[in-house]
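Trainee: I've just opened a new structure and could use a tour. Can you walk me through it?

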Amino acid sequence: MLCSPLAFSAVVLMFVCSANPAKKDPPVYQLPSYIKRACSRNDPNINKCVVEVGGPAIKTVAKGDPKYRIPQLDPLHIKELRVQQGTKQVGLELICSDCLMWGLQNTVFKSADVNWEDRKCRWEFTLDKMKVTGKYNVTGQVLLLPIVGSGDALINLENLKFSYLYDWTYQKKNNGYTYVILGNSSFPFEVGHMSIKLENLFNGDPLLGGNMNRFLNEHWQDIMKDLGPAFSRSLAELTTGILTNMARVVPFDIMFPDT
């Protein structure tokens, strides 16, 4: 028996609705308890407020917060760090796999610069010490001496300075709230000093391994030219991910009320 046009239309409508379910707005959360208060967007001292509120929250945020989809940050897992040097003295490829970055919970929030008109923001941080551990593999040549080895790697960084720069747009959802949508971001990174220790160089030869570690430490600035961008990339992705996850559930009007 043929369906009537009305019945056929109803079936088609049901199919379309089931295949394309209406998007639901995200849940609306207040700021987490470790952010003691919201900063008014009209506060003439907005930058000071952001630092006063954000600074003390770093240690708690570093532990992670499943509700706001914030992962554990200390230690921070980095899948791979790669150093490729091709100077007259050093020609090597060093890969550190499944690295752990320790010390981010001790980061100090130094300053903020929020520009509402241009929708741009800059945060400045310092960190006295940070270490990176992982498994390394190195091949190459240093001063005509072939270098080879694999084992445990330890990298110590001191007197770090880094910035987080980002811009944003706004999006109003069906629930009536306006949300922040993060755009471009970067994470300039400076290190005052770095030391590196690679275990088991030259199959564990203590003389050759010791001399090579000393050489690498004397030329740490050349190595940081490769490590620096890798650190910056990881930290930028991390920070943007945290802010994006929070901005999805905490509307702009709650983050920065118009009061």
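Mentor: Sure, here is a chat that goes from the overall layout to a few single residues. Keep in mind that this is a predicted model.

Trainee: Got it. How many helices and strands does the protein have?

Mentor: There are 5 helices and 7 strands. Starting at the N terminus, the order is α-α-β-β-β-β-β-β-β-α-α-α.

Trainee: And what share of the residues is buried?

Mentor: Of the 259 residues, 41% are buried. On the outside, the protein exposes about 15,200 Å², with carbon and sulfur atoms supplying 55% of that.

Trainee: What about contacts between residues far apart in sequence?

Mentor: Take the contacts with a separation of 6 or more: 68% of them involve residues 24 or more positions apart.

Trainee: Okay, on to the inside. How many residues are in the largest nonpolar core?

Mentor: It has 77 residues, and Leu157, Phe189 and Phe231 have the most contacts inside it. Helix 4, residues 220–249, gives this core its largest share, 13 residues. As background, nonpolar side chains tend to be buried together in soluble globular proteins.

Trainee: Which residues is phenylalanine 231 in contact with, leaving aside its neighbours within four places in sequence?

Mentor: Those are Ile78, Leu81, Met101, Val132, Leu157, Phe189 and Met224. Two of the names you just heard for the core, Leu157 and Phe189, are on that list.

Trainee: Back to helix 4. How far apart are its end C-alpha atoms?

Mentor: They are 43 Å apart. At 1.5 Å a residue, its 30 residues should span 44 Å, so the two values agree.

Trainee: And where is the kink in helix 4?

Mentor: At aspartate 226, shortly before proline 229, and the kink is about 35°.

Trainee: Is asparagine 245 in that helix buried or exposed?

Mentor: Asparagine 245, which lies in helix 4, is buried, since its relative accessible area is 14% and the cut-off is under 20%. Beyond its neighbours within four places in sequence, asparagine 245 is in contact with Tyr68 and Arg69.

Trainee: Let's switch to helix 2. Where does helix 2 bend?

Mentor: At glycine 55, by about 30°, and proline 56 follows within four residues. The end C-alpha atoms of helix 2 are 21 Å apart, which agrees with the 22 Å its 16 residues should span at 1.5 Å a residue.

Trainee: What do the buried residues of helix 2 pack against?

Mentor: Strand 3 and strand 4. The buried residues of helix 2 include Ile46, Cys49, Val53 and Val61.

Trainee: How do strand 3 and strand 4 pair?

Mentor: They are antiparallel, over 7 bridges, with strand 3 at residues 108–115 and strand 4 at residues 120–142. Serine 111 stands opposite glutamate 124 in strand 4. The hairpin of these strands has 4 residues between them, and arginine 119 there takes a positive phi near 55°.

Trainee: How many bridges join strand 4 to strand 5?

Mentor: 22, and these two run antiparallel as well. Lysine 129, for instance, has glutamate 158 in strand 5 as its bridge partner.

Trainee: Last one: where is aspartate 74 found?

Mentor: In the loop between helix 2 and strand 1. Aspartate 74 is buried, with a relative accessible area of 14%. Its contacts beyond four places in sequence include Ala62, Met101 and Trp102. Leucine 100 is 26 residues from aspartate 74 in sequence, yet their C-alpha atoms are 8.4 Å apart.

Conventions
Residues are numbered from 1 along each chain as its sequence is written. This is a predicted model: local features need pLDDT of at least 70, side-chain atom pairs count only at pLDDT 80 or more; totals for chains, interfaces and linings use all residues. Side-chain values use heavy atoms; hydrogens and water are left out. Buried means under 20% relative accessible area, exposed over 50%, partly exposed in between (1.4 Å probe, protein chains only). Contact means heavy atoms within 4.5 Å. Accessible areas come from the Shrake-Rupley method with a 1.4 Å probe; for residues, only the protein chains shown count as cover. A nonpolar core is a set of buried Ala, Val, Leu, Ile, Met, Phe, Trp, Tyr and Cys residues joined through side-chain atoms within 4.5 Å. The expected span of a helix is 1.5 Å times one less than its number of residues. The bend at a residue is the angle between axes fitted to the seven residues ending there and the seven starting there. Two strands pair if DSSP finds at least two bridges between them.
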